[in-house]
Amino acid sequence: MCGIIGISSHKSVSNSIINSLKKLEYRGYDSAGIATLADGLINEVKSKGRVENLENNFDLKNLSGNIGIGHVRWATHGVPNSVNAHPHSSENVSVVHNGIIENSTILKKYLLGKGHKFKSQTDTEVIVHLITENLKSSELQEAITKTLKQLHGSFALGIIFKDIPDLIIGARRGSPLAVGYGPNENYLGSDSYALKSMTNKITYLEDGEFCFIKKDEVNFFNEEGIKINKKVLELSSDQQNYDKGDFKHFMAKEIEEQPQTLKTGIKEYLDSMNNDINIYNFPWKINEIKSIMLIGCGTAYHSCLMAKYWFEELTTLDVNIDIASEFRYRKNRFKNDTLYIFVSQSGETADTYAALDLCNKNNMKTCAVVNVIESSIARDSNFVLPIHCGPEIGVASTKAFLGQILVLYILSLKLSSLREEIKNKDYQEKIKDLKNLPGLIEETLSVDNDIQAIASTFNEAKGSMFLGRGFSFPIALEGALKLKELSYVHAEGYPAGEMKHGPLALIEEGMPVVVLAPRDNYYKKTISNMQEVVARGAKVLLITNKSKDEIVSENIWEKIEVETTNDDLLPFLLTIPLQKLAYYSALKKGYDIDKPRNLAKSVTVE
Ligand code: AGP
């Protein structure tokens, strides 16, 4: 996954391109580059690492040219370095690409046979030479149409030509791409976030479409090269200028913001007057839905798993979940009375989008639970449930995870009420508890000091385990993922009852094991599972909720008590210490907390 930008203007473009690339770094940050056209030449500069590296290595301010393309990279083919960074250019053509060309090896062989010389290890460079080769025998538009047909895989492309001083060509298949309209200039970008600081007028390309962008004109074509008309959308003008404030890292800020983001989410869906839940414009009658399928990746998948427990607890609906990259290639039995729910913070995750696309192609009921409401997944779903968390910049998702499970819990509670599968008294009670949740999160955030002291033990260990049962199991998975993402320590989330079926062999003297044992229905069983690892020398960090009953267990290394609420909502509180554990582990290691190695905030390739 990468971020691309292009600008055709009446004035120099390098500064604007650099500013947009910085906004796009959530899509990749292992290398960056820019190419402009000036004095009949392609001026290409690129370097390893962040955009600021590019700025430090090159005098970009004086990179002239009223037209240019830029790129931030998350490597798929070829190690992150300045040679494999984009743009890739021949003497006449320069290309930036987001996606994967699956037949690049075959095309490279064909082009080498035609005498083309390759500089990089990337799949992308074949596009440069293929266009150059096709231009030998065809006019521009035909050469482009032909090239796009020869490419297999996914792409969002930005292309400029030495001999055509004011043209950018954009093309899309699989990876998101948008055009923006400005005063005397026009833009190409991976998504609205990249273009929002320059315009609020935007057109999204659909799969197979390409466009010719000039500073005063934009034309769109379908894959046959036939001219098409496209809608211009107006972006919401909420310029969410988002900075770290006094926090060292966006992640630290996003963790502390959770009481407020939950308050906002609850306010959006709760009708406090009638102590009820309002899901406005829910497009389906309740009896049209007999089962639920929840789909997501990474943290969003953990939200799906959490929701499965709640839907099963509160309704008699059939509930299934799947990891999007598996769902899209599974022999699915599509059912009209199933509601397919796609969970995604960015709304641009390629596997989740492809799973949605599959369901749309089979005319299924589709609902998106997203943070970015202008995203592809939101735009292409029948119904959208925003999580109202504001921008999440830290790659390791925190407030968006709590925002996702909040909206999924509210949906499960509402469906239970609409299906008359919950007594009104219990329904009212649960809504009351929900209103108190932000305050309890606020209090639980004060576990800071304990966690800081504990973090280094996890850093020094070979590996660690996170155990939970029932409602706590998805949280154990999430806690392990956070530690992996941020401190690069191997950590595994596991159902506590499953340990004796193999993983117990991993336990050795001093190994840190987090046990999530809130005082819910699974408490006693979890404590006995905890005993199994204590008996093998594990250093147990027990996380439970405050209670007057004393914990009956010795040899616990550390104990953290979060606030108390009803069993449904305890997972929200248990998540906080785990977010902080990962944060402080990485902080102690001096790692880049907001942009961990090898990752990106939005995964827009398969
Ligand atoms: C979470 O911390 C990770 N950044 C990652 O697992 C993420 O949840 C996953 O890539 C899905 O992203 P999405 O919610 O934007 O679809």
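Below, a colleague asks a modeller how terms apply to this predicted model.

Modeller: Ground rules: residues are numbered from 1 along each chain as its sequence is written, and side-chain values use heavy atoms, leaving out hydrogens and water. In this predicted model, local features need pLDDT of at least 70 and side-chain atom pairs count only at pLDDT 80 or more, while totals for chains, interfaces and linings use all residues.

Colleague: What makes Ser-344 a polar contact of the ligand?

Modeller: A polar contact is a pair of N or O atoms within 3.5 Å; within protein, one must be able to donate a hydrogen and the other to accept it, and residues adjacent in sequence count only if both atoms are side-chain atoms. An N or O atom in the side chain of Ser-344 is 2.6 Å from a ligand oxygen. Therefore the pair qualifies. Glu-485 offers a polar side-chain atom at 2.7 Å from a ligand oxygen. Ser-397 uses a polar backbone atom, 2.7 Å from a ligand oxygen.

Colleague: How do you know how much of the ligand is covered?

Modeller: Accessible areas come from the Shrake-Rupley method with a 1.4 Å probe; for residues, only the protein chains shown count as cover. On its own the ligand has 410 Å², and the protein covers 91% of that.

Colleague: Why is H13 called roughly antiparallel to H14?

Modeller: Angles run from 0 to 180 degrees between N-to-C directions, with axes fitted to C-alpha atoms, for helices over the stretch in contact. Under 35 degrees is roughly parallel, over 145 roughly antiparallel, 65 to 115 roughly perpendicular, the rest oblique. H13 (residues 399-418) and H14 (residues 424-444) pack at about 170°, axes 11 Å apart. So H13 is roughly antiparallel to H14. Helices are DSSP runs (H or I, at least four residues; strands are E, at least two), numbered from the N terminus.

Colleague: What makes Asn-363 stand out by its phi?

Modeller: Most residues other than glycine have a negative phi, and most peptide bonds are trans. Asn-363 has a positive phi, near 55°. The bond joining His-86 and Pro-87 is cis, with omega about 5°.
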